[in-house]
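I opened a new notebook page for this model. My plan is to go from the overall fold to single side chains.

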Amino acid sequence: MAHVRKVTHPPRRDGSVKTSWRATWLGQDGKRQSKNFARKKDADAHLSEVNAGRIGGSASMTVLDLADQHIRYF
């Protein structure tokens, strides 16, 4: 489950309000990970790379990697 949401930060002393976009996804270890971006387009692009397995996505694990981790666990 991966998604992008808009984050509005508290107002600054000069009165301006900053917004950013937070990409959130589940990593290989099953823990939720997130990263902030200035533009929504950048956050969506990052999630596309994560889902394709280029950046810690679950698709980057091979059967041999899974078997190796299983043996190490036990």
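**Charged pair in helix 2**

I began with one side chain. Asp-68 is partly exposed, with a relative accessible area of 36%. I then looked up its partner. Asp-68 forms a salt bridge with Arg-72, and the closest N and O atoms are 2.3 Å apart. Arg-72 is exposed, at a relative accessible area of 60%. The cut-off for exposed is over 50%, so Arg-72 passes it. Both residues sit in helix 2, which covers residues 63–73. They are four residues apart, about one turn of the helix. I keep in mind that this is a predicted model.

**Overall layout**

Next I stepped back to the whole chain. I found two helices and three strands. Reading from the N terminus, the order is β-β-β-α-α. The chain has 74 residues, and 18% of them are buried. I looked up the exposed surface too. It comes to about 5,900 Å², with carbon and sulfur atoms supplying 52%. I also checked the contacts with a separation of 6 or more. Residues 24 or more positions apart account for 22% of these.

**Strands**

I took the strand pairs in turn. Strand 1 and strand 2 run antiparallel, joined by six bridges. Strand 2 and strand 3 are also antiparallel, and six bridges join them. I followed one residue across the strands. Arg-22 in strand 2 is the bridge partner of Arg-5. On the other side of the lookup, Arg-22 stands opposite Asn-36 in strand 3.

I then looked at the link between strand 2 and strand 3. They form a hairpin, with five residues between them. Gly-30 lies in the turn and has a positive phi of about 90°.

**Helix 1**

How far does helix 1 reach from its first C-alpha to its last? I read 17 Å for its twelve residues, close to the 16 Å expected at 1.5 Å a residue. Which residues are buried in helix 1? I listed Ala-43, His-46, Leu-47 and Val-50. They cover an arc of only 100° around the axis, so they lie on the same side of helix 1. I then asked what covers them. The cover includes strand 1 (3–8), strand 2 (19–26) and strand 3 (32–37).

**Remaining salt bridges**

How many salt bridges does the structure hold? I count three. The pair in helix 2, Arg-72 with Asp-68, is one of them.

Helix 1 carries another. The side chains of Asp-44 and Lys-40 meet in a salt bridge at 4.0 Å, N to O. The cut-off is within 4 Å. Both residues lie in helix 1 (residues 40–51), four residues apart, about one turn of the helix. Asp-44 is partly exposed, with a relative accessible area of 33%. Lys-40 is partly exposed as well, at 40% relative accessibility.

I closed with Arg-39 and Asp-42. Their side chains meet in a salt bridge at 2.9 Å, N to O. Are these two buried, partly exposed or exposed? Arg-39 has 47% relative accessibility, so it counts as partly exposed. Asp-42 has 29% relative accessibility and counts as partly exposed too.

Terms used. Residues are numbered from 1 along each chain as its sequence is written. This is a predicted model: local features need pLDDT of at least 70, side-chain atom pairs count only at pLDDT 80 or more; totals for chains, interfaces and linings use all residues. Side-chain values use heavy atoms; hydrogens and water are left out. Buried means under 20% relative accessible area, exposed over 50%, partly exposed in between (1.4 Å probe, protein chains only). Contact means heavy atoms within 4.5 Å. Accessible areas come from the Shrake-Rupley method with a 1.4 Å probe; for residues, only the protein chains shown count as cover. The expected span of a helix is 1.5 Å times one less than its number of residues. The arc is that of the directions from the helix axis to the C-beta atoms. Two strands pair if DSSP finds at least two bridges between them.
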